[in-house]
Protein chains: 2
Amino acid sequence: MQDLPALRQLFEDYLKENLVHKEPAALYEPFHYIMGMGGKRMRPVMALLACQLFQEDVRAALPSAFSVEVFHNFSLVHDDIMDEADIRRGQATVHTKYGLNSGILSGDVMLIYAYDELRKTPRPEAINDLVNTLSQVAIRVCEGQQYDIDFETRQDVSLDDYLLMIEMKTAALLAGSLKMGAISAGASADDQMHLSEFGRLTGIAFQIQDDYLDTFGDPQKVGKRPGGDIIQNKKTCLYIKALELASPEQREQILSWFSGPSDDPEEKVRAVTQLFVDLGIPEYLKQLRNDYQQRAYEHLRQVSVAEERKALLFGLAESLLVREL
Amino acid sequence: MQDLPALRQLFEDYLKENLVHKEPAALYEPFHYIMGMGGKRMRPVMALLACQLFQEDVRAALPSAFSVEVFHNFSLVHDDIMDEADIRRGQATVHTKYGLNSGILSGDVMLIYAYDELRKTPRPEAINDLVNTLSQVAIRVCEGQQYDIDFETRQDVSLDDYLLMIEMKTAALLAGSLKMGAISAGASADDQMHLSEFGRLTGIAFQIQDDYLDTFGDPQKVGKRPGGDIIQNKKTCLYIKALELASPEQREQILSWFSGPSDDPEEKVRAVTQLFVDLGIPEYLKQLRNDYQQRAYEHLRQVSVAEERKALLFGLAESLLVREL
């Protein structure tokens with residue numbers, strides 16, 4: 001079995017060999033640029049780990065790993081345009097560096113290459129399944145992005161709505177990465193399903209935790225001052241759940257704090273955090289995250305291979321989901 | 001055998017039944033909007049015609065027909081953003097009506113559905129081939145669009161460069177539509193190739209003719225006054241070939257006329273048209289179009305089915321490529 005750094009290196013080598021280098025340069029340069037920005041390569045590593053549950057040779061899953069990473073980066077390129085984001089991973093976003101048209105068109109060609117790569121899968125009988133899985137995931141990611149845009153201007157978003165949006169926009173691709181790795185190894189439909197559910201539930205747990213830690217995390221561990229989301233008026237699951245539970249008076253206070261920029265950000269963070277505490281939000285979200293985490297682990301336990309083969313996937317989940325919130 | 005109106009109706013019915021109607025509305029409404037604009041449905045009809053060469057029941061090619069039409073409309077949505085086009089087929093373009101973000105995101109989901117549709121193909125053993133053909137076409141269309149953008153700011157574009165751009169941006173999808181129709185019917189690799197070449201060469205011939213007719217067409221038949229491209233300084237194949245053949249003095253005159261808007265458009269059209277005539281451009285391009293047309297027909301003749309089965313495809317080409325330029 002290969003450990004995470006070895007799998008990551010295997011993927012990086014494959015990526016380097018398989019990225020297309022051809023004309024027109026203006027189309028392919030932005031593609032190479034964003035793929036070269038790095039990142040944790042979480043999705044391709046998950047595809048390889050899923051494959052490794054079932055067979056020693058993980059190379060069968062390299063096309064799937066490539067596909068999900070290229071798809072993920074396509075979605076970043078187009079989302080950054082929609083979000084008018086200038087910076088990603090400390091560097092200029094694609095459309096900022098190359099212009100709007102290059103952002104759109106190079107994103108398009110990346111989406112096409114995410115599909116095209118799957119024909120390299122060494123098990124030709126798996127290709128239909130892989131293409132179909134990618135499509136179902138890709139449709140959910142687009143739908144999730146649209147819900148995210150819609151929610152910005154809606155005041156009636158429930159926590160269930162929000163969790164569904166998160167599931168579509170981010171958890172679906174983690175689920176799909178694991179499923180495609182499992183398909184590449186010829187795993188059973190049951191095992192594919194359990195791995196997919198493990199990815200989906202882990203993804204949702206992670207996003208809940210991400211929202212939680214931004215306000216209630218230990219600054220020493222999180223590496224930044226708490227309250228960034230509050231200062232930016234972000235409609236996180238804390239905000240949404242608080243509105244669901246608030247008295248009319250508390251509701252008015254929350255809406256007032258989130259109605260615009262504050263003259264005194266520190267006071268705003270202190271006041272909103274106190275409102276969240278009064279409403280029991282931290283306990284509620286800790287419990288919610290833990291529930292998703294446990295449900296995720298239960299699915300991984302159900303995968304029909306020896307427990308010791310699952311250690312790396314449990315380890316990866318543990319590294320995403322901190323033990324104590 | 002079904003004639004063109006019957007095939008078009010078959011496609012319209014299938015389209016109506018198979019367009020997804022689901023949430024979020026903001027994602028799917030622009031998709032329905034552009035698909036509902038109509039148009040000649042040239043590409044899906046070509047897919048059905050190719051299938052009908054080999055078997056009476058053309059329904060096997062309906063998923064391919066849907067796929068190429070959705071792909072074509074995806075490319076229109078994103079191209080209209082890049083070209084800053086407000087109007088298409090007399091109606092507001094998608095991004096003008098729904099905004100930039102909806103244009104990008106609904107275009108993305110259309111590209112995904114172009115792939116997703118192919119799993120409905122009744123011959124599962126054909127799906128890999130269809131997906132692969134769509135990807136190869138889609139990559140060429142993106143590359144062609146990038147070359148088109150690049151050429152706007154380049155002064156050294158040769159006619160060969162221009163024809164290659166046209167081939168990628170428009171002819172490749174006609175070729176792919178015919179090829180996918182043939183694959184859907186289980187046609188041989190040779191027949192697929194001949195149909196694909198027929199589509200590719202017909203597409204190039206059509207674009208050359210399109211450029212030619214804008215300046216030299218009979219206004220009665222073309223339905224508009226000649227010289228629109230000249231007034232807009234469009235770098236058509238007339239302009240490019242003229243620059244290739246021009247004396248230094250003529251070159252200077254052409255570049256001068258194309259350097260900006262003219263105070264006297266009629267005089268500009270008259271002068272540039274005369275320059276084109278002096279350089280023998282109309283004869284050259286007539287001959288070039290005829291050569292492509294003949295090569296296209298030669299490939300259709302090579303398809304290994306009875307000649308009478310090909311009448312509708314020859315007829316379609318004849319309707320695109322007028323007999324006398």
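**Notebook: domains and chain pairing**

I began with the domain assignment of chain A, which gives domain 1 (1-187) and domain 2 (188-325). I keep in mind throughout that this is a predicted model.

I then looked up how the two parts are placed, and found the C-alpha centres of domain 1 of chain A and domain 2 of chain A to lie 23 Å apart. Counting contacts between them, I noted 26 residues of domain 1 of chain A against 24 residues of domain 2 of chain A.

On the domain 1 side of this boundary in chain A, I listed helix H3 (42-54) and helix H8 (159-184) as the elements that give two or more residues, and H8(A) gives the most, with 15 residues. Sorting that side by class, I obtained 20 nonpolar, 3 polar and 3 charged residues.

Next I turned to the pairing of the chains, where 31 residues of chain B are in contact with 31 residues of chain A. Looking at the side of chain B that touches chain A, I found that helix H2 (25-35), helix H4 (62-82), helix H6 (100-116) and helix H7 (127-152) of chain B each supply at least two residues, with the largest share, 14 residues, coming from H7(B). The residues on this side of chain B divide into 19 nonpolar, 7 polar and 5 charged.

Last, I superposed chain B on chain A, which takes a rotation of 180° with 0.0 Å of shift along its axis and leaves an RMSD of 0.0 Å. I recorded this as the relation of a two-fold axis. The same surface serves both copies, as 100% of the contact residues of chain B recur in chain A.

Key. Residues are numbered from 1 along each chain as its sequence is written. Chains are lettered from A and ligands numbered from 1 in the order in which they are written. This is a predicted model: local features need pLDDT of at least 70, side-chain atom pairs count only at pLDDT 80 or more; totals for chains, interfaces and linings use all residues. Two residues are in contact if their C-beta atoms, placed from the backbone, lie within 7 Å. Helices (H or I, at least four residues) and strands (E, at least two) are DSSP runs, numbered from the N terminus. Ala, Val, Leu, Ile, Met, Phe, Trp, Tyr, Cys and Pro count as nonpolar, Asp, Glu, Lys and Arg as charged, and the others, Gly among them, as polar. Copies are superposed by least squares on the C-alpha atoms of residues with pLDDT of at least 70 in both. Domain bounds come from an automatic or database domain assignment.
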